[in-house]
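Please open the structure in a viewer and keep the sequence panel visible. The tour proceeds by selection, one stop after another.

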Amino acid sequence: MAAQKTIAIIGATGKMGGAIAKGLVNGPNRLLLFGNNQEKLSGLLSALKETKRDTDAEIIGCSVDASWEADIIIAAVPYAAEATLAEQIRAVATGKIVISISNPLSADFCRLVTEPGTSAGEQLQELLPHARVVKAFSTNFSAAFNHTDVSGYKLDAFIAGNDDEALLEVAELITEVGFNPVIAGDLTFSRTLENMTLLLINANIRHGYKGQAGWKILHN
Amino acid sequence: MKIAEALQLFLWLIPDALYMFELLLQKINEKVPITPEESAVCKTFFIPKKLRKKQYLLQEGDVCKYVAFVEKGMLRSYTVDDKGTEHIMQFAFEGWWLSDQFSFLTAEPSVYNIDALEDCELLLLTKPAEEEMLVRVPKLERYFRLLLQNSLIAIQRRLVSSLSHTAEEKYRQLLASCPGIAQRVPQHMMASYLGITPETLSRLRNPKNRKV
Ligand SMILES: NC(=O)c1ccc[n+]([C@@H]2O[C@H](COP(=O)([O-])OP(=O)(O)OC[C@H]3O[C@@H](n4cnc5c(N)ncnc54)[C@H](OP(=O)(O)O)[C@@H]3O)[C@@H](O)[C@H]2O)c1
């Protein structure tokens, strides 16, 4: 049996936070849920227990405590909130995997607000120099977590990071959630991944996929 | 504002980070004085980890990835025999280190379990982090050498004690080396550590049966 991992989801009340939590109950994970909306948090907790009766999950009232207790921290918050969060959890994130899921989109979804030579993933790593930042889940729509098979293919979930062991651990989480993990490369690949989502979102709006879409590399 | 209130407010304002390493730095400085700069470097290598009572840090069959320093709470390491009986190898209180050195050094699966007997605040060090820290702060080589020396002595004593001491001598030695243990550790676990039955231990603990 694989050892239990304690995973803090900061922003568990959001669309992504909730979707990731629901996926992670499939693995041997203990989930620590943090968000500001208590009603949504209790709703999520009940939903998790409904999915799996012996779900090991708990609402934690403080993002620092949740991160302190965790082995893996998922920052499921908007890009604009990441710098403040990083400041708060810096001391307790040393050595831990911190998953960056954000896409630094402009309000009209037409471009990324980051400069070309960097990415949200790399910026989070700069803010948390002693953590092991991994870009993951950012290329997957929250609406696709329930339907990870599209047109007969399992959707890919791309990961980027500088620590090989961390990449493998996150790949495992992605498999538990139901996507096909694809390691893209080191953390500079976050730039490409964040741009892929920009493209996917615009295609989604233009062609009306209703979020039931995602990236898939076809290969033999 | 009363002084007590002011003090409370002040304590509340101190971020956790400041006291997270208090005991570790105190213990290091007792053996090897290090500068504030070196302390700051040290802090970047330890994984701060809270563990709840009964949760595992290591399970039999997994590789022991960390050595753990206990800032708060208490850990134990133990094996489970074929009959399902637990044999406690070691307790670790505040200020102590615990790991399965064999598994930590060889990356072979461990035959031990390590779990929390109380809610814990730990500082964990991986092998690569330890190596890099020793390069950055070479003074700590001395600290870790002294630690290993002490743990070797403790193991030799425990071996002699388990081979040749009476139950009563073993119990007295445990109380002497871990004052306060009887208040924090359930009797059956102390018995398991000493390799005696809980009944024998309770007889020893009864003042009426004590040889003076
Ligand atoms: N939606 C998608 O399909 C999708 C796909 C890939 C990646 N992403 C990325 O995932 C992240 C979350 O997106 P989402 O769609 O889940 O957004 P969302 O539904 O609006 O949820 C945002 C979450 O972040 C929290 N939050 C908002 N502002 C915050 C602040 N200033 N400080 C701390 N927490 C804050 C919210 O908590 P409270 O509501 O409790 O305050 C909520 O839990 C974003 O970075 C986004 O780019 C989204």
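Two strands count as paired if DSSP finds at least two bridges between them. Strands (E, at least two residues) and helices (H or I, at least four residues) are DSSP runs, numbered from the N terminus. The model is predicted: local features need pLDDT of at least 70, and side-chain atom pairs count only at pLDDT 80 or more, whereas totals for chains, interfaces and linings use all residues. Residues are numbered from 1 along each chain as its sequence is written, chains are lettered from A and ligands numbered from 1 in the order in which they are written, and side-chain values use heavy atoms, with hydrogens and water left out.

**First stop: the sheet of chain A**

Select S1 (residues 5–10) and S4 (residues 72–75) of chain A, which pair in the parallel sense over four bridges. Within this pair, Ile9(A) stands opposite Ile74(A) of S4(A).

Next, extend the selection to the whole open sheet of chain A, where eight strands follow the order S3-S2-S1-S4-S5-S6-S9-S10 with mixed pairing. Strands S3 (56–59) and S10 (180–185) of chain A are at the edges; each has a single partner strand, so one side of each is left without a neighbour in the sheet. From one strand to the next, the twist averages 25°. Such angles run from 0 to 180 degrees between N-to-C directions, with axes fitted as lines to C-alpha atoms, for helices over the stretch in contact.

**Second stop: two helices**

Select helix H1 (residues 15–24) of chain A, which packs on the sheet and touches S1, S2 (29–34) and S4 of chain A; contact means heavy atoms within 4.5 Å. The direction of H1(A) makes about 165° with that of S1(A). Then select helix H2 (residues 38–51) of chain A, which lies across S2 and S3 of chain A and runs at about 170° to S3(A).

**Third stop: the interface**

Display both chains: 17 residues of chain B are in contact with 20 residues of chain A. Together the chains bury about 1,500 Å², 50% of it on carbon and sulfur atoms; buried area is the accessible area (1.4 Å probe) that two parts lose on being put together, summed over both. On the chain B side, select Lys49(B), Lys50(B) and Arg52(B), which lose the most area to chain A, together 34% of what that side buries.

How many salt bridges are there between chain B and chain A? The count is six, a salt bridge being a side-chain nitrogen of Lys or Arg within 4 Å of a carboxyl oxygen of Asp or Glu. Glu165(A) forms one with Lys65(B), the closest N and O atoms being 3.5 Å apart.
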